[in-house]
Amino acid sequence: MFLRSDIGLDQAGGTSARSFGRAPAPPKPLTLIDRIQDRFPDFDPAPDLGSRIGSIEWFRGVATCAGLITVTLLLSPGFERPIHGAVTAPLTGTEWEDARSQSISALAYGATTGMRGEASGLVRPLADTPERPILELTAVVGAGRRFASALERAGVGAGDASRVADLVAGAIDPTDIKAGTRVDVTLGRRASRNQARPLEKLAFRARFDLAVEVARVDGGLSLIEIPIAVDHTPLRIRGRVGSSLYRTARAAGAPAKAVEAFIKSIATKVPMSRIGANDEFDLIVERQRAATGEEQLGKLLFAGLDQGRREVQLVRWEREGRTMWYDPKGMGERTEGMLMPAQGRLSSSFGYRTHPVLGFRRLHKGMDIAAPTGTPIRAATDGTVQFAGRNGGYGNYVRISHSGGLQTAYGHMSRISVRSGTRVTRGQVIGAVGSTGMSTGPHLHYELWKNGQAVNPRSVSLSSTDRLTGGELNRFRGLVSSLLGTPVAGTAKATSENDAEE
Ligand SMILES: [Zn+2]
């Protein structure tokens with residue numbers, strides 16, 4: 001803090017002390033303030049409020065200060081209202097457009113991407129654009145489309161396209177080329193714009209194990225086959241079931257379809273509700289790995305579930321065109337007996353009886369099931385139709401031979417829907433109930449024969465286990481040992497002791 005008297009008020013009189021060593025400055029003309037100060041030398045309009053506190057002069061200073069503050073507050077526009085500075089005049093018309101093209105803002109807020117200048121007189125349109133010397137394209141083979149037409153769509157000339165298609169057809173079966181196959185095509189320089197570019201090179205993956213290249217050599221097209229080595233080692237995944245067998249197996253890399261097949265086949269042996277989180281699953285899936293790095297996963301080959309006290313192992317085996325599951329010893333599914341071939345009331349059972357039409361006692365070689373005409377008749381179990389047609393007192397009659405020296409026969413049918421030699425499966429409809437032949441009303445006469453002897457259909461418990469035998473069993477064993485030798489691709493609980501067991 002400094003005193004006012006240090007700087008200003010004694011300026012008028014005290015210059016001699018300040019301008020030490022200099023010529024005294026000529027006296028300035030007196031201003032109004034100077035004159036007031038001359039008149040009232042003791043009057044200080046701004047007394048020092050830090051000194052002589054409580055004096056009259058101090059109170060006057062406080063009052064002046066408070067007055068000045070009050071005036072300032074009264075003159076202020078208020079705290080809530082902003083004080084505006086000067087604003088540039090907004091741009092209009094072309095000025096605005098010019099400025100806008102220089103601005104940077106989001107396109108959504110109307111930014112432009114620059115201005116387009118008018119072409120000057122120096123600009124002349126091109127008479128002819130130069131062509132690219134080489135065009136590289138990709139053609140995609142569409143479903144049900146000829147190979148040649150796929151190439152033509154991509155821009156290959158009709159002549160070249162059909163020549164390539166012939167070359168390809170000569171090397172591989174065109175049906176092997178999957179829809180969606182991409183063909184890399186290189187087209188070369190042409191003499192004029194009115195003709196198609198000549199095909200220079202073409203390459204595609206014809207099959208998983210074969211790449212094909214067609215190149216122009218000395219003016220003619222020639223095809224080169226590039227075989228790709230494929231490794232057929234299946235994929236084996238083993239791990240703890242955890243919270244969800246499906247999710248765990250999927251996370252370990254098994255394809256969805258294989259996991260579904262796994263669950264379906266395991267479910268025939270172990271109810272899903274009995275599979276615990278600590279059970280270990282073992283799953284082997286067909287896999288093809290090309291030397292070029294692609295991988296294809298296929299069908300489920302092996303399904304295993306180790307529950308500690310119980311172990312289920314199922315191996316896929318194709319038999320007579322059907323997929324069957326066998327345990328590693330070659331034992332298949334148990335067939336659950338024979339079906340009742342028609343729904344109805346048992347009106348007469350197997351045994352000696354007085355014949356309702358002939359009137360004398362004789363052996364009734366089957367059972368009668370009374371049912372309305374038209375009720376479907378189903379094959380009792382899998383087999384081959386041996387006879388289908390008219391057969392004396394039996395009326396319309398079908399005889400089916402089954403494995404294990406068994407035959408079933410169905411009589412008095414109103415309709416036959418199979419022919420001799422047809423393979424039928426358990427439950428397949430073979431005709432309908434009727435009253436043809438020696439019959440007193442609509443019913444099915446059903447017979448079961450075992451090794452040439454008619455037996456009571458009710459007496460035979462037909463649950464039998466399908467098992468592989470002979471050469472087929474040997475081939476099956478070979479498959480099992482190669483499958484179980486598959487290395488585990490790696491999941492959480494693939495311990496070394498387990499590997500040593502197998
Ligand atoms: Zn009968």
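This passage describes a five-stranded sheet, two helices lying across it, and the surroundings of Asp282 in a predicted model.

The sheet is open, and its five strands follow the order E1-E2-E3-E4-E5 with antiparallel pairing. Its edges are formed by strand E1 (135-140) and strand E5 (220-227), each of which pairs on one side only. On average, and with direction ignored, neighbouring strands of the sheet are turned by 20 degrees against each other. Strands of a sheet pair through backbone hydrogen bonds, in either a parallel or an antiparallel manner. Within this sheet, strand E3 (residues 199-207) and strand E4 (residues 210-217) run antiparallel and are joined by six bridges. Leu202 has Val214 in E4 as its bridge partner.

Two helices lie across strands of the sheet. Helix H6 (residues 147-154) lies across E1, strand E2 (182-187) and E3, and runs at about 140 degrees to E1. Helix H7 (residues 158-171) lies across E3, E4 and E5, with an angle of about 35 degrees to E5. Strand E3 thus appears in the list of strands crossed by H6 and in that of H7.

Asp282 is located in strand E8 (residues 280-290). The residue counts as buried because its relative accessibility is 7%, under the cut-off of 20%. The side chains of Asp282 and Arg236 are joined by a polar contact of 2.6 Å. When residues up to four places away in sequence are not counted, Asp282 touches Arg236, Ile237, Arg238, Phe262, Phe302, Ala303 and Gly304.

How values were computed. Residues numbered from 1 in each chain as written. Predicted model: local features only at pLDDT ≥ 70, side-chain atom pairs only at ≥ 80, totals over all residues. Heavy atoms only, no water. Pairing = 2+ DSSP bridges. Helix = DSSP H or I, 4+ residues; strand = E, 2+ residues; numbered from the N terminus. Axes fitted to C-alpha atoms, helices over the stretch in contact; angles between N-to-C directions. Contact = heavy atoms within 4.5 Å. Buried < 20%, exposed > 50% of the residue type's maximum accessible area, 1.4 Å probe, protein only. Polar contact = N/O pair within 3.5 Å; in protein donor to acceptor, adjacent residues only side chain to side chain.
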